[in-house]
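Work through the following exercises with the sequence and the structure at hand. Each task is followed by a solution in steps.

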Amino acid sequence: MNKERSDKKISEHEIALALANAILLGYTELGSILPTQAETASNLNISQSVVKRAWKILREDYKLIAASRGVGTRVITDLSLHQRKLLESRILSSSKPVRKRYFEKECINEFDQIFEREFSIASSYYNKMDYEEYKLKELPGLISAFAQMMTIKKSYTFTDAEVYYTDDYEELITYCCEEFSRPKSTIVLLDQASGGIHTTIVAARRKVHYILKKEGESVLQELKLLCQSQNSPAEMVYVGSTAPFPLLYYRDEMFWQQLLDLQKLYHFKILLDERLPNLIEVPNLFKWISPANNTSIISINAISVHRKLNLATIFLGGSDDVKRIKKRLKSRRKLIYPVLNHLLLDILKGNKLNEIEQQIIKRIKSVISAVKKMLLASELFVDEYIVKQQAYFFYLELRSGEVLPNLYKKLKLEGIIIMNPKTYHLGPEFNNGFLLSVAHYLDTQEVLQDLAEVLRYVKIIRKH
(Lines give C-alpha, C1' and ligand atoms only; values in the text may rest on other atoms or scores of the structure.)
Protein backbone atom coordinates (compact mmCIF):
# COMPACT_ATOMS: atom_id res chain seq x y z
CA MET A 1 0.00 0.00 0.00
CA ASN A 2 1.15 3.50 -0.80
CA LYS A 3 2.86 5.22 2.08
CA GLU A 4 1.38 8.54 1.03
CA ARG A 5 -2.07 7.37 2.03
CA SER A 6 -3.58 8.99 5.12
CA ASP A 7 -5.98 7.67 7.75
CA LYS A 8 -8.83 9.26 5.78
CA LYS A 9 -8.02 7.16 2.76
CA ILE A 10 -7.34 3.78 4.30
CA SER A 11 -9.73 2.36 6.85
CA GLU A 12 -9.60 -0.52 9.29
CA HIS A 13 -12.03 -2.39 7.00
CA GLU A 14 -9.65 -2.08 4.04
CA ILE A 15 -6.75 -3.37 6.13
CA ALA A 16 -8.83 -6.29 7.40
CA LEU A 17 -9.94 -7.20 3.87
CA ALA A 18 -6.39 -6.93 2.54
CA LEU A 19 -5.04 -9.31 5.18
CA ALA A 20 -7.96 -11.72 4.73
CA ASN A 21 -7.17 -11.71 1.02
CA ALA A 22 -3.48 -12.41 1.68
CA ILE A 23 -4.35 -15.34 3.95
CA LEU A 24 -6.82 -16.87 1.48
CA LEU A 25 -4.40 -16.71 -1.42
CA GLY A 26 -1.39 -17.92 0.54
CA TYR A 27 0.67 -14.72 0.73
CA THR A 28 0.34 -14.86 4.51
CA GLU A 29 0.68 -18.42 5.79
CA LEU A 30 -1.77 -20.03 8.20
CA GLY A 31 -0.20 -20.17 11.65
CA SER A 32 2.26 -17.36 10.91
CA ILE A 33 2.95 -14.54 13.38
CA LEU A 34 1.92 -11.07 12.20
CA PRO A 35 3.98 -7.90 12.63
CA THR A 36 3.12 -5.87 15.70
CA GLN A 37 0.45 -3.20 15.45
CA ALA A 38 3.14 -0.52 15.76
CA GLU A 39 5.17 -2.05 12.90
CA THR A 40 2.08 -2.34 10.69
CA ALA A 41 1.10 1.28 11.40
CA SER A 42 4.60 2.45 10.51
CA ASN A 43 4.71 0.40 7.30
CA LEU A 44 1.35 1.77 6.12
CA ASN A 45 1.98 5.31 7.39
CA ILE A 46 -1.25 5.34 9.41
CA SER A 47 -2.10 5.66 13.08
CA GLN A 48 -1.86 2.66 15.38
CA SER A 49 -5.50 3.11 16.40
CA VAL A 50 -6.61 2.25 12.83
CA VAL A 51 -4.53 -0.94 12.92
CA LYS A 52 -5.93 -1.80 16.36
CA ARG A 53 -9.49 -1.56 15.00
CA ALA A 54 -8.50 -3.67 11.96
CA TRP A 55 -7.05 -6.37 14.24
CA LYS A 56 -10.31 -6.37 16.19
CA ILE A 57 -12.30 -7.00 12.97
CA LEU A 58 -9.93 -9.80 12.00
CA ARG A 59 -10.18 -11.36 15.45
CA GLU A 60 -13.88 -10.97 16.33
CA ASP A 61 -15.64 -10.74 12.97
CA TYR A 62 -13.46 -12.68 10.51
CA LYS A 63 -12.04 -15.00 13.21
CA LEU A 64 -8.74 -15.16 11.35
CA ILE A 65 -6.27 -14.16 14.05
CA ALA A 66 -5.69 -14.79 17.74
CA ALA A 67 -3.40 -13.10 20.27
CA SER A 68 -1.14 -15.12 22.57
CA ARG A 69 0.70 -13.64 25.54
CA GLY A 70 4.43 -13.66 24.94
CA VAL A 71 4.04 -14.80 21.32
CA GLY A 72 2.12 -12.03 19.57
CA THR A 73 -0.74 -12.13 17.10
CA ARG A 74 -0.92 -15.28 15.06
CA VAL A 75 -3.01 -16.30 12.04
CA ILE A 76 -5.24 -19.29 12.82
CA THR A 77 -3.85 -22.66 11.76
CA ASP A 78 -6.84 -23.97 9.78
CA LEU A 79 -9.66 -22.58 7.63
CA SER A 80 -12.77 -24.60 6.88
CA LEU A 81 -14.32 -24.57 3.41
CA HIS A 82 -17.29 -22.70 4.86
CA GLN A 83 -15.02 -19.98 6.28
CA ARG A 84 -13.17 -19.64 3.00
CA LYS A 85 -16.36 -19.19 1.01
CA LEU A 86 -17.73 -16.58 3.41
CA LEU A 87 -14.50 -14.58 3.29
CA GLU A 88 -14.16 -14.78 -0.48
CA SER A 89 -17.75 -13.62 -0.94
CA ARG A 90 -17.11 -10.70 1.38
CA ILE A 91 -13.90 -9.70 -0.40
CA LEU A 92 -15.36 -9.93 -3.90
CA SER A 93 -18.49 -8.01 -2.92
CA SER A 94 -16.44 -5.22 -1.35
CA SER A 95 -16.89 -1.81 -2.97
CA LYS A 96 -13.10 -1.30 -3.00
CA PRO A 97 -10.26 -3.44 -4.39
CA VAL A 98 -8.49 -5.12 -1.48
CA ARG A 99 -5.02 -5.28 -2.96
CA LYS A 100 -3.85 -1.84 -3.96
CA ARG A 101 -2.91 -1.89 -7.59
CA TYR A 102 -1.21 1.01 -9.33
CA PHE A 103 -4.48 1.95 -10.98
CA GLU A 104 -6.64 1.28 -7.93
CA LYS A 105 -8.17 4.75 -8.09
CA GLU A 106 -9.04 4.26 -11.74
CA CYS A 107 -11.31 1.21 -11.58
CA ILE A 108 -14.46 1.63 -13.66
CA ASN A 109 -17.02 1.22 -10.90
CA GLU A 110 -20.15 1.60 -13.06
CA PHE A 111 -18.89 -1.26 -15.19
CA ASP A 112 -19.53 -3.60 -12.25
CA GLN A 113 -23.21 -4.03 -13.06
CA ILE A 114 -22.65 -5.31 -16.59
CA PHE A 115 -21.63 -8.84 -15.65
CA GLU A 116 -23.92 -9.04 -12.62
CA ARG A 117 -25.96 -11.93 -14.04
CA GLU A 118 -22.85 -13.96 -14.93
CA PHE A 119 -21.36 -13.26 -11.51
CA SER A 120 -24.58 -14.48 -9.85
CA ILE A 121 -24.49 -17.73 -11.83
CA ALA A 122 -20.82 -18.30 -10.99
CA SER A 123 -21.48 -17.55 -7.29
CA SER A 124 -24.39 -20.00 -7.22
CA TYR A 125 -22.24 -22.75 -8.71
CA TYR A 126 -19.38 -21.86 -6.37
CA ASN A 127 -21.61 -22.16 -3.29
CA LYS A 128 -22.46 -25.76 -4.24
CA MET A 129 -18.83 -26.68 -4.92
CA ASP A 130 -17.40 -29.55 -2.87
CA TYR A 131 -13.94 -29.42 -1.31
CA GLU A 132 -12.25 -31.56 -4.01
CA GLU A 133 -13.35 -29.11 -6.70
CA TYR A 134 -12.63 -26.10 -4.51
CA LYS A 135 -9.00 -27.04 -3.96
CA LEU A 136 -8.28 -27.26 -7.72
CA LYS A 137 -5.61 -24.67 -8.46
CA GLU A 138 -6.37 -24.43 -12.18
CA LEU A 139 -9.89 -24.63 -13.55
CA PRO A 140 -10.00 -27.09 -16.50
CA GLY A 141 -10.61 -25.21 -19.73
CA LEU A 142 -9.70 -21.73 -18.46
CA ILE A 143 -6.14 -21.66 -19.81
CA SER A 144 -7.41 -22.85 -23.20
CA ALA A 145 -10.02 -20.07 -23.13
CA PHE A 146 -7.30 -17.52 -22.33
CA ALA A 147 -5.11 -18.91 -25.14
CA GLN A 148 -7.97 -18.58 -27.62
CA MET A 149 -8.77 -15.05 -26.45
CA MET A 150 -5.15 -13.88 -26.77
CA THR A 151 -4.71 -15.65 -30.13
CA ILE A 152 -7.51 -13.51 -31.55
CA LYS A 153 -6.25 -10.35 -29.88
CA LYS A 154 -2.57 -10.70 -30.81
CA SER A 155 -2.94 -12.43 -34.22
CA TYR A 156 -0.49 -15.03 -32.96
CA THR A 157 -1.32 -18.66 -32.28
CA PHE A 158 -0.84 -19.31 -28.56
CA THR A 159 -0.82 -22.87 -27.27
CA ASP A 160 -1.90 -23.69 -23.71
CA ALA A 161 1.80 -24.08 -22.84
CA GLU A 162 2.42 -20.42 -23.73
CA VAL A 163 -0.25 -18.98 -21.43
CA TYR A 164 -0.63 -18.76 -17.66
CA TYR A 165 -2.46 -16.51 -15.24
CA THR A 166 -2.42 -15.15 -11.71
CA ASP A 167 -4.11 -12.42 -9.70
CA ASP A 168 -1.06 -10.46 -8.53
CA TYR A 169 0.31 -8.02 -11.08
CA GLU A 170 3.09 -6.70 -8.84
CA GLU A 171 4.26 -10.19 -7.91
CA LEU A 172 4.34 -11.13 -11.61
CA ILE A 173 6.56 -8.12 -12.41
CA THR A 174 8.95 -9.22 -9.65
CA TYR A 175 9.10 -12.78 -10.98
CA CYS A 176 9.75 -11.54 -14.53
CA CYS A 177 12.67 -9.41 -13.32
CA GLU A 178 14.12 -12.26 -11.28
CA GLU A 179 13.65 -14.98 -13.90
CA PHE A 180 14.68 -13.14 -17.05
CA SER A 181 17.48 -10.89 -15.88
CA ARG A 182 20.43 -11.24 -13.49
CA PRO A 183 20.91 -9.34 -10.22
CA LYS A 184 22.37 -5.85 -10.75
CA SER A 185 21.58 -5.94 -14.46
CA THR A 186 19.59 -3.09 -15.99
CA ILE A 187 15.88 -2.99 -16.81
CA VAL A 188 15.34 -0.38 -19.52
CA LEU A 189 11.96 1.38 -19.63
CA LEU A 190 10.90 3.00 -22.90
CA ASP A 191 7.83 4.53 -21.26
CA GLN A 192 7.31 6.13 -17.88
CA ALA A 193 6.37 3.80 -15.02
CA SER A 194 4.48 4.28 -11.79
CA GLY A 195 6.40 4.63 -8.56
CA GLY A 196 5.19 1.14 -7.63
CA ILE A 197 6.74 -0.47 -10.73
CA HIS A 198 9.96 1.46 -10.17
CA THR A 199 10.12 0.24 -6.57
CA THR A 200 9.32 -3.36 -7.58
CA ILE A 201 12.23 -3.44 -10.05
CA VAL A 202 14.63 -1.93 -7.53
CA ALA A 203 13.46 -4.40 -4.85
CA ALA A 204 14.37 -7.22 -7.27
CA ARG A 205 17.95 -5.83 -7.17
CA ARG A 206 17.86 -4.57 -10.75
CA LYS A 207 18.79 -1.11 -11.96
CA VAL A 208 16.15 1.07 -13.62
CA HIS A 209 17.10 3.11 -16.67
CA TYR A 210 14.57 5.28 -18.52
CA ILE A 211 15.01 6.16 -22.19
CA LEU A 212 12.26 8.69 -22.68
CA LYS A 213 13.23 10.21 -26.00
CA LYS A 214 11.11 11.16 -28.96
CA GLU A 215 13.56 10.13 -31.68
CA GLY A 216 13.54 6.36 -32.20
CA GLU A 217 17.09 6.29 -33.54
CA SER A 218 18.56 7.90 -30.42
CA VAL A 219 16.56 5.47 -28.24
CA LEU A 220 18.07 2.48 -30.03
CA GLN A 221 21.58 3.95 -29.88
CA GLU A 222 21.35 4.45 -26.12
CA LEU A 223 19.90 0.96 -25.65
CA LYS A 224 22.75 -0.55 -27.68
CA LEU A 225 25.33 1.14 -25.43
CA LEU A 226 23.56 -0.22 -22.35
CA CYS A 227 23.57 -3.74 -23.81
CA GLN A 228 27.32 -3.46 -24.31
CA SER A 229 27.94 -2.30 -20.72
CA GLN A 230 30.28 -4.56 -18.76
CA ASN A 231 29.11 -3.47 -15.31
CA SER A 232 25.32 -3.54 -15.61
CA PRO A 233 24.15 -4.68 -19.04
CA ALA A 234 20.58 -4.22 -20.20
CA GLU A 235 18.82 -7.58 -19.94
CA MET A 236 15.18 -6.53 -20.18
CA VAL A 237 13.34 -3.80 -22.08
CA TYR A 238 10.02 -2.75 -20.54
CA VAL A 239 7.40 -1.45 -22.99
CA GLY A 240 4.00 -0.08 -22.02
CA SER A 241 3.25 2.87 -19.79
CA THR A 242 2.12 2.03 -16.26
CA ALA A 243 1.75 5.64 -15.15
CA PRO A 244 -0.19 8.73 -16.14
CA PHE A 245 2.75 9.97 -18.24
CA PRO A 246 1.92 13.36 -19.74
CA LEU A 247 3.61 12.94 -23.14
CA LEU A 248 3.27 9.80 -25.21
CA TYR A 249 5.83 9.21 -27.94
CA TYR A 250 4.65 7.71 -31.19
CA ARG A 251 7.03 5.08 -32.58
CA ASP A 252 6.46 3.56 -36.01
CA GLU A 253 6.71 -0.08 -37.07
CA MET A 254 10.28 0.38 -38.30
CA PHE A 255 11.33 1.27 -34.74
CA TRP A 256 9.82 -1.92 -33.32
CA GLN A 257 11.38 -4.07 -36.02
CA GLN A 258 14.77 -2.52 -35.26
CA LEU A 259 14.21 -3.20 -31.57
CA LEU A 260 13.58 -6.88 -32.36
CA ASP A 261 16.74 -6.96 -34.49
CA LEU A 262 18.67 -5.53 -31.53
CA GLN A 263 17.10 -8.15 -29.26
CA LYS A 264 18.37 -10.95 -31.51
CA LEU A 265 21.87 -9.51 -31.24
CA TYR A 266 21.97 -8.97 -27.46
CA HIS A 267 19.35 -11.50 -26.25
CA PHE A 268 17.50 -9.26 -23.78
CA LYS A 269 13.85 -9.95 -22.98
CA ILE A 270 11.15 -7.56 -24.14
CA LEU A 271 8.37 -7.21 -21.57
CA LEU A 272 5.08 -5.83 -22.92
CA ASP A 273 2.87 -4.46 -20.15
CA GLU A 274 -0.78 -4.04 -21.13
CA ARG A 275 -2.54 -3.10 -17.92
CA LEU A 276 -5.19 -0.87 -19.47
CA PRO A 277 -6.42 -2.78 -22.52
CA ASN A 278 -7.85 -0.64 -25.32
CA LEU A 279 -7.01 2.56 -23.45
CA ILE A 280 -3.21 2.70 -23.67
CA GLU A 281 -1.83 1.33 -26.91
CA VAL A 282 0.95 -1.23 -26.54
CA PRO A 283 2.66 -2.44 -29.73
CA ASN A 284 1.81 -5.99 -30.78
CA LEU A 285 5.30 -7.37 -31.34
CA PHE A 286 4.00 -10.94 -31.53
CA LYS A 287 2.97 -10.38 -35.16
CA TRP A 288 6.64 -10.44 -36.14
CA ILE A 289 7.37 -13.67 -34.25
CA SER A 290 6.92 -17.14 -35.75
CA PRO A 291 4.42 -19.22 -33.70
CA ALA A 292 6.06 -21.71 -31.29
CA ASN A 293 9.44 -19.94 -31.78
CA ASN A 294 9.05 -17.11 -29.29
CA THR A 295 12.08 -16.71 -27.04
CA SER A 296 12.25 -12.91 -27.04
CA ILE A 297 8.90 -11.52 -25.83
CA ILE A 298 6.99 -11.91 -22.59
CA SER A 299 3.73 -10.10 -22.00
CA ILE A 300 1.52 -9.17 -19.04
CA ASN A 301 -2.11 -8.50 -19.92
CA ALA A 302 -5.13 -7.37 -17.96
CA ILE A 303 -8.27 -9.09 -19.15
CA SER A 304 -10.50 -6.06 -18.81
CA VAL A 305 -10.89 -2.63 -17.23
CA HIS A 306 -13.75 -4.15 -15.21
CA ARG A 307 -12.93 -4.00 -11.49
CA LYS A 308 -13.46 -7.70 -10.72
CA LEU A 309 -12.17 -9.08 -14.01
CA ASN A 310 -9.09 -6.87 -13.68
CA LEU A 311 -7.99 -9.07 -10.76
CA ALA A 312 -6.91 -11.71 -13.29
CA THR A 313 -3.65 -11.09 -15.15
CA ILE A 314 -2.57 -13.20 -18.12
CA PHE A 315 1.11 -14.00 -18.70
CA LEU A 316 2.22 -14.80 -22.27
CA GLY A 317 5.59 -16.11 -23.38
CA GLY A 318 7.45 -19.00 -24.93
CA SER A 319 6.68 -22.38 -23.36
CA ASP A 320 9.99 -22.41 -21.46
CA ASP A 321 9.33 -18.92 -20.11
CA VAL A 322 5.83 -19.91 -18.97
CA LYS A 323 7.30 -22.96 -17.20
CA ARG A 324 9.61 -20.68 -15.22
CA ILE A 325 6.79 -18.40 -14.12
CA LYS A 326 4.57 -21.39 -13.38
CA LYS A 327 7.30 -22.80 -11.13
CA ARG A 328 7.49 -19.53 -9.22
CA LEU A 329 3.73 -19.70 -8.62
CA LYS A 330 3.88 -23.33 -7.48
CA SER A 331 3.63 -22.45 -3.79
CA ARG A 332 0.44 -20.45 -4.33
CA ARG A 333 -2.67 -22.30 -3.18
CA LYS A 334 -4.82 -20.35 -5.62
CA LEU A 335 -4.06 -18.39 -8.77
CA ILE A 336 -7.29 -16.40 -8.51
CA TYR A 337 -10.50 -16.86 -6.54
CA PRO A 338 -12.43 -20.00 -7.54
CA VAL A 339 -15.63 -18.01 -8.08
CA LEU A 340 -13.74 -15.69 -10.43
CA ASN A 341 -12.40 -18.73 -12.31
CA HIS A 342 -15.96 -19.80 -13.15
CA LEU A 343 -17.07 -16.25 -13.96
CA LEU A 344 -14.21 -15.82 -16.45
CA LEU A 345 -14.77 -19.20 -18.08
CA ASP A 346 -18.48 -18.48 -18.53
CA ILE A 347 -17.83 -15.04 -20.06
CA LEU A 348 -15.06 -16.22 -22.38
CA LYS A 349 -16.97 -19.29 -23.60
CA GLY A 350 -19.97 -17.10 -24.37
CA ASN A 351 -17.82 -14.59 -26.31
CA LYS A 352 -19.38 -11.83 -24.20
CA LEU A 353 -16.30 -9.93 -23.11
CA ASN A 354 -15.04 -8.17 -26.23
CA GLU A 355 -18.39 -6.77 -27.37
CA ILE A 356 -19.26 -5.34 -23.95
CA GLU A 357 -15.72 -4.09 -23.37
CA GLN A 358 -15.81 -2.15 -26.64
CA GLN A 359 -19.09 -0.50 -25.63
CA ILE A 360 -17.57 0.63 -22.35
CA ILE A 361 -14.34 1.83 -23.97
CA LYS A 362 -16.41 3.89 -26.41
CA ARG A 363 -18.19 5.59 -23.52
CA ILE A 364 -14.91 6.20 -21.67
CA LYS A 365 -13.37 7.79 -24.76
CA SER A 366 -16.42 10.01 -25.18
CA VAL A 367 -15.94 11.25 -21.61
CA ILE A 368 -12.22 11.83 -22.21
CA SER A 369 -12.94 13.81 -25.40
CA ALA A 370 -15.43 16.07 -23.60
CA VAL A 371 -12.99 16.68 -20.72
CA LYS A 372 -10.22 17.50 -23.17
CA LYS A 373 -12.39 20.10 -24.95
CA MET A 374 -13.40 21.74 -21.67
CA LEU A 375 -9.81 21.93 -20.39
CA LEU A 376 -8.56 23.45 -23.66
CA ALA A 377 -11.44 25.95 -23.70
CA SER A 378 -10.56 27.11 -20.15
CA GLU A 379 -7.21 28.44 -21.45
CA LEU A 380 -5.77 27.86 -17.99
CA PHE A 381 -3.36 25.03 -18.73
CA VAL A 382 -0.55 24.19 -21.16
CA ASP A 383 -2.26 22.77 -24.26
CA GLU A 384 0.44 20.24 -25.20
CA TYR A 385 -0.10 18.09 -22.11
CA ILE A 386 -3.88 18.04 -22.63
CA VAL A 387 -3.66 17.13 -26.30
CA LYS A 388 -1.18 14.31 -25.65
CA GLN A 389 -2.81 12.84 -22.54
CA GLN A 390 -3.23 9.06 -22.23
CA ALA A 391 -6.05 6.81 -21.05
CA TYR A 392 -8.14 8.80 -18.56
CA PHE A 393 -5.21 10.75 -17.07
CA PHE A 394 -4.44 14.42 -17.57
CA TYR A 395 -1.33 16.28 -16.45
CA LEU A 396 -2.32 19.92 -15.92
CA GLU A 397 0.17 22.75 -15.59
CA LEU A 398 -0.85 26.41 -15.49
CA ARG A 399 0.22 28.50 -18.49
CA SER A 400 1.22 31.26 -16.06
CA GLY A 401 3.83 28.99 -14.49
CA GLU A 402 2.20 29.30 -11.07
CA VAL A 403 2.35 26.25 -8.80
CA LEU A 404 -0.72 25.15 -6.86
CA PRO A 405 0.81 23.48 -3.79
CA ASN A 406 -0.95 20.39 -2.47
CA LEU A 407 -4.03 20.85 -4.63
CA TYR A 408 -4.34 17.05 -4.71
CA LYS A 409 -4.80 17.11 -0.93
CA LYS A 410 -7.18 20.06 -0.73
CA LEU A 411 -9.66 19.35 -3.49
CA LYS A 412 -11.86 16.36 -2.66
CA LEU A 413 -14.49 15.24 -5.17
CA GLU A 414 -16.48 12.04 -5.36
CA GLY A 415 -15.41 11.10 -8.87
CA ILE A 416 -12.51 13.20 -10.13
CA ILE A 417 -9.21 12.16 -8.60
CA ILE A 418 -6.42 14.73 -8.14
CA MET A 419 -2.96 13.21 -7.68
CA ASN A 420 0.58 14.29 -6.90
CA PRO A 421 2.95 13.83 -9.91
CA LYS A 422 5.84 12.94 -7.58
CA THR A 423 4.07 9.68 -6.74
CA TYR A 424 4.62 8.56 -10.34
CA HIS A 425 8.33 9.44 -10.80
CA LEU A 426 7.53 11.70 -13.72
CA GLY A 427 10.65 13.76 -13.15
CA PRO A 428 11.25 17.32 -11.90
CA GLU A 429 9.96 18.90 -15.13
CA PHE A 430 6.47 17.68 -14.22
CA ASN A 431 6.39 18.74 -10.57
CA ASN A 432 4.75 22.13 -11.21
CA GLY A 433 1.34 20.74 -12.09
CA PHE A 434 -1.05 18.07 -10.91
CA LEU A 435 -2.53 14.84 -12.26
CA LEU A 436 -6.23 14.44 -12.84
CA SER A 437 -8.10 11.18 -13.45
CA VAL A 438 -11.67 10.92 -14.75
CA ALA A 439 -11.85 7.12 -14.71
CA HIS A 440 -14.92 6.90 -12.50
CA TYR A 441 -17.16 8.42 -15.15
CA LEU A 442 -19.19 6.91 -17.95
CA ASP A 443 -21.57 9.89 -18.15
CA THR A 444 -20.33 12.99 -19.99
CA GLN A 445 -22.66 15.48 -18.33
CA GLU A 446 -21.70 14.32 -14.84
CA VAL A 447 -17.95 14.59 -15.43
CA LEU A 448 -18.27 18.08 -16.93
CA GLN A 449 -20.20 19.28 -13.88
CA ASP A 450 -17.45 18.06 -11.56
CA LEU A 451 -14.70 19.37 -13.83
CA ALA A 452 -16.32 22.81 -13.73
CA GLU A 453 -15.92 22.65 -9.94
CA VAL A 454 -12.20 21.87 -10.34
CA LEU A 455 -11.71 24.81 -12.69
CA ARG A 456 -13.65 27.13 -10.37
CA TYR A 457 -11.48 26.06 -7.43
CA VAL A 458 -8.27 26.59 -9.42
CA LYS A 459 -9.35 30.13 -10.32
CA ILE A 460 -10.14 30.92 -6.66
CA ILE A 461 -6.71 29.70 -5.50
CA ARG A 462 -4.96 31.77 -8.19
CA LYS A 463 -6.69 34.96 -7.01
CA HIS A 464 -5.37 34.41 -3.50
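Two residues are in contact when they have heavy atoms within 4.5 Å. The structure is a predicted model, in which local features need pLDDT of at least 70 and side-chain atom pairs count only at pLDDT 80 or more, while totals for chains, interfaces and linings use all residues. Residues are numbered from 1 along each chain as its sequence is written, and side-chain values use heavy atoms, with hydrogens and water left out.

**Exercise 1. Locate Lys63 and Thr73, and list their contacts beyond neighbours within four places in sequence.**

Step 1. Helices (H or I, at least four residues) and strands (E, at least two) are DSSP runs, numbered from the N terminus. Lys63 lies in the loop between α3 (48–61) and β1 (65–68).

Step 2. With neighbours within four places in sequence left aside, Lys63 touches Leu58, Ile76 and Gln83. Its C-alpha atom is separated by 9.2 Å from that of Val75, twelve residues apart along the chain.

Step 3. Thr73 belongs to strand β2 (residues 72–75). Under the same exclusion of neighbours within four places, its contacts include Ser32, Trp55 and Ile65.

Step 4. Buried means under 20% relative accessible area, exposed over 50%, and partly exposed in between (1.4 Å probe, protein chains only). Thr73 has a relative accessible area of 15% and is buried.

**Exercise 2. Determine the strand order of the open sheet of seven strands, and describe its pairings.**

Step 1. Two strands pair if DSSP finds at least two bridges between them. The order is β3-β9-β8-β7-β6-β4-β5, with mixed pairing. The edge strands, each pairing on one side only, are β3 (163–166) and β5 (207–210).

Step 2. Strands β3 and β9 (residues 313–316) run antiparallel and are joined by four bridges; Thr166 stands opposite Thr313.

Step 3. Strand β6 (234–239) is parallel to β4, with four bridges, and Ile187 has Met236 as its bridge partner. On β7 (residues 269–274), β6 again pairs in the parallel sense over four bridges; here Tyr238 stands opposite Leu271.

Step 4. Six of the six residues of β6 are buried, so this strand is largely enclosed by the rest of the structure.

**Exercise 3. Is helix α13 largely enclosed or open, and does its length agree or disagree with the expected span?**

Step 1. The expected span of a helix is 1.5 Å times one less than its number of residues. For the twelve residues of α13 (residues 338–349) this gives 16 Å, and the end C-alpha atoms are 17 Å apart, which agrees.

Step 2. Ten of the twelve residues are buried, so α13 is largely enclosed by the rest of the structure. Among the buried residues are Pro338, Leu344 and Leu348.

Step 3. After α13 comes Asn351, with a positive phi near 55 degrees.

**Exercise 4. Which element gives the most residues to the lining of the second largest cavity?**

Step 1. On a 1 Å grid over the protein atoms alone, a cavity is a set of points where a 1.4 Å probe fits but cannot get out; lining residues have an atom within 4 Å of a point. Grid points are joined across faces, edges and corners, and a volume is the space filled by probe spheres set on the points.

Step 2. The count is four cavities of 30 Å³ or more, and the second largest has a volume of about 60 Å³.

Step 3. Its lining includes Met129, Glu133, Tyr134, Pro338, Asn341 and His342. The elements giving two or more residues are α6 (131–134) and α13. Helix α13 gives the most, with three residues.

Methods:
Axes fitted to C-alpha atoms, helices over the stretch in contact; angles between N-to-C directions. 1 Å grid on protein atoms, 1.4 Å probe; cavity = no way out; pocket = protein on both sides within 12 Å on 5 of 7 lines; lining within 4 Å.
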